[in-house]
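User: Hi! I am new to protein structures and would like to walk through one with you. Could we take it in small steps?

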Amino acid sequence: MLDVNHVVKKYGKNLACDDITFHLNPGDMTILLGPNGAGKSTIMKSIMGFLKYQGTITVDGKVNKSVEAKKILGFVPEMPSLYPNLTVSEHLEFIARAYKMTDYKNRIDELLTRFELDDKRKKFGDELSKGMQQKLNLCIGLLPNPKVLLLDEPMIGLDPHAIKELKNVINEMRCEGKTLLISTHIIDSVDMLWDRTIIMQGGQVKANVTKPELETKGQSLEDLFFAVTEGISKEEAKEADSQKEEEQA
């Protein structure tokens, strides 16, 4: 469903993505892990066609920058980018018309109710709190019900109810055969949801494994992450952090 082949992205002399290749199947929820600066956001923006890059990216066999691909590709960015002079309802109406959706009113009602924004319909974008902006950000990305959905740090700033609803939506989309890619550095937030994990560091893919493959090795996701990014176990990482705290005390 989503194919990323030998993608290279440079910012001047800085190599942000170094020959990135992976394939995501329909119905899979993949988490993209890595420390800050690993290249996670860059590869997601490349998939969305926001950046120029070398290599190829296709969505359901269609070039990612084509109109056909964009119709089935959705994105929830880490930082909401709302129009200050549009209300909550107008934001969603704008997206629905941009995607040429029909019979979308019920879909809007459902999302606003699930994310507790129903009473905020007439609020302008710049009147919302950061948490509410993030909820609207999610509603905008979910509204077209895309076949492939990318979410960049989607749970940051959300309250417990919104996190629960987002996890429910993710499971529903998986059951419908949708493909999801979630970028995060908070392992606990998605530990029970994933089918495949891709771990990046220094602009490269350092690991690409499925949950069954990891379980066969007797490793946890956290163990794998520390082993790949720091070359140590989770216990060793915690011990190192404790030593640092003692030295600073």
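Analyst: Happy to! A useful word to begin with is "buried", which means under 20% relative accessible area, while exposed means over 50% and partly exposed lies in between (1.4 Å probe, protein chains only). Helices (H or I, at least four residues) and strands (E, at least two) are DSSP runs, numbered from the N terminus. This is a predicted model, where local features need pLDDT of at least 70, side-chain atom pairs count only at pLDDT 80 or more, and totals for chains, interfaces and linings use all residues. Residues are numbered from 1 along each chain as its sequence is written, and side-chain values use heavy atoms, with hydrogens and water left out.

User: How many of the 5 residues of strand 8 are buried?

Analyst: Strand 8 covers residues 179–183 and is largely enclosed by the rest of the structure. In a regular strand the side chains alternate between the two faces of the sheet. Here Thr179, Leu181 and Ser183 are buried on one side, and Leu180 and Ile182 are buried on the other. The count of buried residues is therefore 5 of the 5.

User: Which residue in strand 8 is the bridge partner of methionine 29?

Analyst: Two strands pair if DSSP finds at least two bridges between them. Strand 3 (residues 29–33) is joined to strand 8 by 4 bridges, and the two run parallel. For methionine 29, the bridge partner in strand 8 is leucine 180.

User: What is the handedness of the crossover from strand 7 to strand 8?

Analyst: Strand 7 (residues 148–152) runs parallel to strand 8, with 5 bridges between them, and leucine 150 has leucine 181 as its bridge partner. Between these strands the chain passes through helix 6 (residues 160–175), making a β-α-β crossover. Such a crossover is called right-handed if, with the strands pointing away from the viewer, the path from the first strand over the helix to the second runs clockwise. This one is right-handed.

User: Is glutamate 153 buried or exposed?

Analyst: Glutamate 153 sits in the loop between strand 7 and helix 6. Its phi is near 50°, a positive value in a residue other than glycine, and most residues other than glycine have a negative phi. With a relative accessible area of 5%, glutamate 153 is buried.

User: Which element gives the largest share of the lining of the largest pocket?

Analyst: A pocket is found on a 1 Å grid over the protein atoms alone: it is an open set of points with protein on both sides within 12 Å along at least five of seven lines, and lining residues have an atom within 4 Å of a point. The largest pocket has a volume of about 640 Å³, and of its 22 lining residues, the closest to the centre are Phe50, Phe75, Ile95, Tyr99 and Ile140. Two or more lining residues come from each of strand 6 (73–76), helix 3 (88–98) and helix 5 (130–142). The largest share, 4 residues, comes from helix 3.

User: What covers the buried residues of helix 3?

Analyst: In helix 3 the buried residues are Val88, His91, Leu92, Glu93, Ile95 and Ala96. An α-helix has 3.6 residues a turn, so residues three or four places apart point the same way. What covers the buried residues of helix 3 includes helix 4 (105–114) and helix 5.

User: How many of the 9 residues of helix 1 are buried?

Analyst: One of the buried residues in helix 1 (residues 40–48) is threonine 42, at 10% relative accessibility. Threonine 42 touches Lys9, Tyr11, Ala16, Cys17 and Leu51, not counting residues up to four places away in sequence, where contact means heavy atoms within 4.5 Å. Helix 1 is mostly covered, and its buried count is 7 of 9.

User: Which are the edge strands of the open sheet in the order 2-1-4-5?

Analyst: This sheet has 4 strands with antiparallel pairing. Strand 4 (residues 54–59) pairs with strand 5 over 2 bridges, and threonine 58 stands opposite valine 63. An edge strand here pairs on one side only, which fits strand 2 (14–24) and strand 5 (62–63).

User: What is the relative accessible area of valine 67?

Analyst: Valine 67 lies in helix 2 (residues 67–70). Valine 67 counts as exposed, and its relative accessible area is 56%.

Notes: 1 Å grid on protein atoms, 1.4 Å probe; cavity = no way out; pocket = protein on both sides within 12 Å on 5 of 7 lines; lining within 4 Å. Points joined across faces, edges and corners; volume = space filled by probe spheres on them.
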